Amino acid sequence: MRRRPIVPQRKLYFAACEGDGERAYVALLNRLAGDRRLHIWIHGEPLNPGAGDALAMVERACERLAFRRRKGATYGHAVLFLDSDTAENTPERTQRAWSTAQEHGIQLIWQRPNLEAVLLRHLGGCERLQPPATQSFVELQRRWPEYDKRGISADKLARRIGYPQVVQASQVEPDLQAFLLKIGLI
């Protein structure tokens, strides 16, 4: 009788996601981790509705993380993906968001200024582009005409973004880089 090989248990990570685009990106990261035979899983937790200031998002992430932990989940690290374009509108609430996240052990991954700009920096020759929030979607679609934020999925992202592109973006996205190093993806 043959014995089954022992498969190491996956280390679990928590990623609070402002919207569907972030969830698709987390699913893409899981796919890339699997391709690299890493025994990890990033749980993408939706915070929908996502719109809100940084403090509201952090508070919602803290609630969802606490709920998951009460259900028995043990996470090696927790992050929250959020757009930075609204952070300067309410500096006192943004400061409270930082301290609340730190208090609850949640790393903030600031998307400067938003997800579309970060996705743009994954594309070849675009890693240094810094479009303003009002232009990031237009600039991304100019360079990736098939991109459509409605119905976004890991499959659609994977058509243009693979491991080399994630590494490229991490070189100019310090918060993302810190997370990817923490989970062993880069």
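1. Contact here means heavy atoms within 4.5 Å. On that basis, among contacts between residues at least 6 apart in sequence, 70% join residues at least 24 apart. The model is predicted.

2. Overall dimensions. The protein has 186 residues and a radius of gyration of 17 Å. A compact globule with that number of residues would come out near 16 Å, so the value agrees. Along the principal axes, the C-alpha atoms fill a box of roughly 65 × 35 × 30 Å.

3. Surface and interior. About 10200 Å² is exposed. Carbon and sulfur atoms supply 49% of that area. Of the 186 residues, 47% count as buried.

4. Secondary structure. The protein has 8 helices and 4 strands. Their order along the sequence is β-α-β-α-β-α-β-α-α-α-α-α.

5. Strand β3, burial. This strand covers residues 78-83. How many of its residues are buried? The count is 6 of the 6, so β3 is largely enclosed by the rest of the structure. The cut-off behind that call is under 20% relative accessible area. Ala78, Leu80 and Leu82 point one way from the strand. Val79, Phe81 and Asp83 point the other way. Both sets are buried, Asp83 included.

6. Strand β3, pairing. Which strands does β3 pair with? One is β1, residues 11-17, in the parallel sense over 4 bridges. There, Phe14 stands opposite Ala78 of β3. Another is β4, residues 106-111, also in the parallel sense, over 6 bridges. Leu80 of β3 has Leu108 of β4 as its bridge partner. Both Ala78 and Leu80 belong to the set that points one way from β3.

7. The β3 to β4 connection. Helix α3 spans residues 91-103. Together, β3, α3 and β4 make a β-α-β unit. The unit is right-handed. Its two strands are the ones that pair in the parallel sense over 6 bridges.

8. Ser136. This residue lies in helix α5, residues 133-143. Is Ser136 buried or exposed? Its relative accessibility is 0%, so it counts as buried. What does Ser136 touch, leaving aside neighbours within four places in sequence? Its contacts are Asn114, Glu116, Ala117 and Pro131.

9. Points to check on the structure. For β3, look at the two opposite-pointing sets, Ala78, Leu80 and Leu82 against Val79, Phe81 and Asp83. For α5, look at Ser136 and its contacts, among them Asn114 and Glu116.

Conventions: Residues are numbered from 1 along each chain as its sequence is written. This is a predicted model: local features need pLDDT of at least 70, side-chain atom pairs count only at pLDDT 80 or more; totals for chains, interfaces and linings use all residues. Side-chain values use heavy atoms; hydrogens and water are left out. Buried means under 20% relative accessible area, exposed over 50%, partly exposed in between (1.4 Å probe, protein chains only). Two strands pair if DSSP finds at least two bridges between them. A crossover is right-handed if, with the strands pointing away from the viewer, the path from the first strand over the helix to the second runs clockwise. The radius of gyration is taken over C-alpha atoms; the globule rule is 2.2 Å times the number of residues to the power 0.38. Accessible areas come from the Shrake-Rupley method with a 1.4 Å probe; for residues, only the protein chains shown count as cover.
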